[in-house]
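Good morning, colleagues. Please turn to the sequence and the structure on the screen; I shall begin with the interior and then take up the bonds between side chains.

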Amino acid sequence: MRTLIVSIALMAGVTGCDTGTGAPGPKAQPTAPRVTASPTGHSSTVAKIRSRGVLNCAIHTGQIGMSFLDARGQWRGLFADYCRALAAAVLGDPDKVRFLPVASNKRFTVVQTGEADVLSRTTTWTLTRDAELGLNFAGILYYDGQSFLVPKRLGIRGPGDLDGATICISKGTTSELNTADYFLRNGLSFRPVVYEHPEEAKLAFFAGRCDAMTTDAYTLTTIRLSDAERPEEYEVLPEFLTREPLGPVVRSDDEQWFDISKWVLNVLIAAEEQGITQANVTELRRTTRDPEIQRMLGVIPGFGRALGLREDWAYRAILGVGNYGELHARYVKPLGVERGYNKLYRDGGLLYPLPMR
């Protein structure tokens with residue numbers, strides 16, 4: 001949805017042979033042989049990934065900071081690197097990912113049909129999506145909230161000032177229902193202008209066809225920075241209509257794959273809490289006496305066997321992309337977006353790793 005006119009020199013390429021730390025990384029090795037059948041009778045997702053030798057990851061068509069093409073034509077971003085961590089855990093190599101850019105109104109279909117092993121783009125975890133689509137959310141990778149992008153010249157200070165306004169909205173997003181609910185709840189009215197594709201909504205807004213544009217605040221921030229001819233003439237309203245927990249999605253018919261997707265996400269958060277980084281994970285694995293870290297990194301066996309992976313799956317995931325804090329600093333902070341809710345719980349945020357035991 002974004003055109004990348006914000007230039008960010010963020011990240012050197014991460015491969016199985018070059019970790020970006022100056023030290024050679026481990027070569028990919030065969031993973032543990034656990035193969036199960038899903039309840040539908042299909043072979044497991046892990047078996048399919050191993051057979052094809054690549055993880056199929058559905059991502060945003062272009063969202064700076066989350067999933068975007070860098071100067072070398074490689075997909076980067078917080079949600080893209082989550083898939084790299086998955087590939088490192090399952091295949092031993094963070095570069096064994098096939099990225100599949102998909103529009104918002106097609107994103108669930110590619111997972112339901114098995115075209116994608118995982119959907120990793122800014123997708124809100126809701127009851128209906130979780131319960132009715134045959135999908136599971138693996139966790140929350142980014143906490144956001146819905147807001148509005150408005151021209152400063154209109155003098156709009158909050159959503160209440162948009163009574164009677166024309167609002168650009170993308171089809172197939174939670175923003176449609178959230179906006180309608182907010183205006184109805186507060187006795188206000190608005191005129192929705194719904195577009196099939198987010199790019200159309202964005203172009204319409206900057207062409208002056210709408211008084212405001214609504215979606216998640218992070219997305220609006222990047223739109224203002226990268227697509228407005230004069231960013232200083234626009235602002236994202238600070239008040240949130242909703243809380244938007246965004247996370248990766250997998251099919252609900254494969255418990256093993258759901259577990260792996262869930263715990264790979266968790267280990268990125270746990271690594272930050274434990275002070276484990278892409279630069280020090282190899283040394284820590286060799287020298288630490290902390291039993292929790294030893295279990296996490298596979299020095300003490302058990303976690304790998306439980307998931308049907310090699311014992312060093314978490315070590316490879318961290319070595320491949322770094323911890324959550326490193327990912328945020330690499331991709332999101334350079335845009336001027338502070339961590340906010342996405343800090344660790346101990347630091348006043350909402351990120352709280354599950355126990356690694």
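**The core, the disulfides and the salt bridges**

In this predicted model, the largest nonpolar core contains 63 residues, and those with the most contacts inside it are Y142, W257, I260, M296 and W313. Helix α2, residues 78-91, gives the most to this core, contributing eleven residues. A second, separate core has 13 residues, and V150, Y182, F183 and F190 are included in it.

Let me stay with Y142 for a moment. Which residues does Y142 contact, once its neighbours within four places in sequence are left aside? They are M66, L78, F79, Y218, E244, P245, L246, Y324, H328, V332, V337 and N342.

For the chain as a whole, there are 13 helices and 14 strands. Of the 357 residues in the protein chain, 55% are buried. Among contacts with a separation of 6 or more, residues 24 or more positions apart account for 73%.

I turn next to helix α8. W257 and I260, both named a moment ago for their contacts in the largest core, fall within α8, which runs over residues 255-274. The helix is mostly covered, with 14 of its 20 residues buried. How far apart should its ends be? At 1.5 Å a residue, the 20 residues should span 28 Å, and the end C-alpha atoms are 27 Å apart, which agrees. At the start of α8, a side-chain oxygen of D254 comes to within 3.3 Å of the backbone nitrogen of Q256. After the helix comes G275, with a positive phi near 75°.

Now to the disulfides. How many disulfides are counted? The count is two, and with bonded cysteines counted along the chain, they follow the pattern 1-2, 3-4.

The sulfur atoms of C57 and C83 are 2.0 Å apart, and these two cysteines form a disulfide. The torsion about their S-S bond is about 70°, so this disulfide is right-handed. C57 lies in strand β1, residues 55-59, whereas C83 lies in helix α2, so the pair ties together parts that are 26 residues apart in sequence. Helix α2 was also named above as the element giving the most to the largest core. Are these two cysteines buried or exposed? C57 counts as buried, at 0% relative accessibility. C83 is likewise buried, with a relative accessible area of 0%.

The other disulfide is formed by C168 and C210, whose sulfur atoms are 1.8 Å apart. Here the torsion about the S-S bond is about 75°, so this disulfide is right-handed. The pair links distant parts of the chain, 42 residues apart: C168 is in strand β9, residues 165-170, and C210 is in the loop between α6 (198-206) and β11 (212-216). Both C168 and C210 are buried.

I close with the salt bridges, of which 18 are counted. I shall take three of them in turn, and then one network.

In one of them, R76 is paired with D70, and the closest N and O atoms are 3.4 Å apart. Where do these charged partners sit with respect to the surface? The cut-off for buried is under 20% relative accessible area. R76, at 4% relative accessibility, therefore counts as buried. D70 has a relative accessible area of 18%, so D70 is buried as well.

The side chains of E311 and R305 meet in another salt bridge, at 3.9 Å from N to O. With a relative accessible area of 22%, E311 is partly exposed. R305 counts as exposed, because its relative accessibility is 60% and the threshold for exposed is over 50%.

A further salt bridge brings together the side chains of R316 and D312, at 2.9 Å from N to O. Which of these two partners are buried? R316 is buried, and so is D312.

Finally, the network. Which residues are joined into one network by salt bridges that share partners? They are D81, R84, D95 and R330.

To summarise, the largest nonpolar core has 63 residues, a separate core has 13, and two disulfides and 18 salt bridges are counted in this predicted model. Thank you for your attention.

Notes: Residues are numbered from 1 along each chain as its sequence is written. This is a predicted model: local features need pLDDT of at least 70, side-chain atom pairs count only at pLDDT 80 or more; totals for chains, interfaces and linings use all residues. Side-chain values use heavy atoms; hydrogens and water are left out. Helices (H or I, at least four residues) and strands (E, at least two) are DSSP runs, numbered from the N terminus. The expected span of a helix is 1.5 Å times one less than its number of residues. Buried means under 20% relative accessible area, exposed over 50%, partly exposed in between (1.4 Å probe, protein chains only). A polar contact is a pair of N or O atoms within 3.5 Å; within protein, one must be able to donate a hydrogen and the other to accept it, and residues adjacent in sequence count only if both atoms are side-chain atoms. A nonpolar core is a set of buried Ala, Val, Leu, Ile, Met, Phe, Trp, Tyr and Cys residues joined through side-chain atoms within 4.5 Å. Contact means heavy atoms within 4.5 Å. A salt bridge is a side-chain nitrogen of Lys or Arg within 4 Å of a carboxyl oxygen of Asp or Glu. A disulfide is a pair of cysteine sulfur atoms within 2.5 Å.
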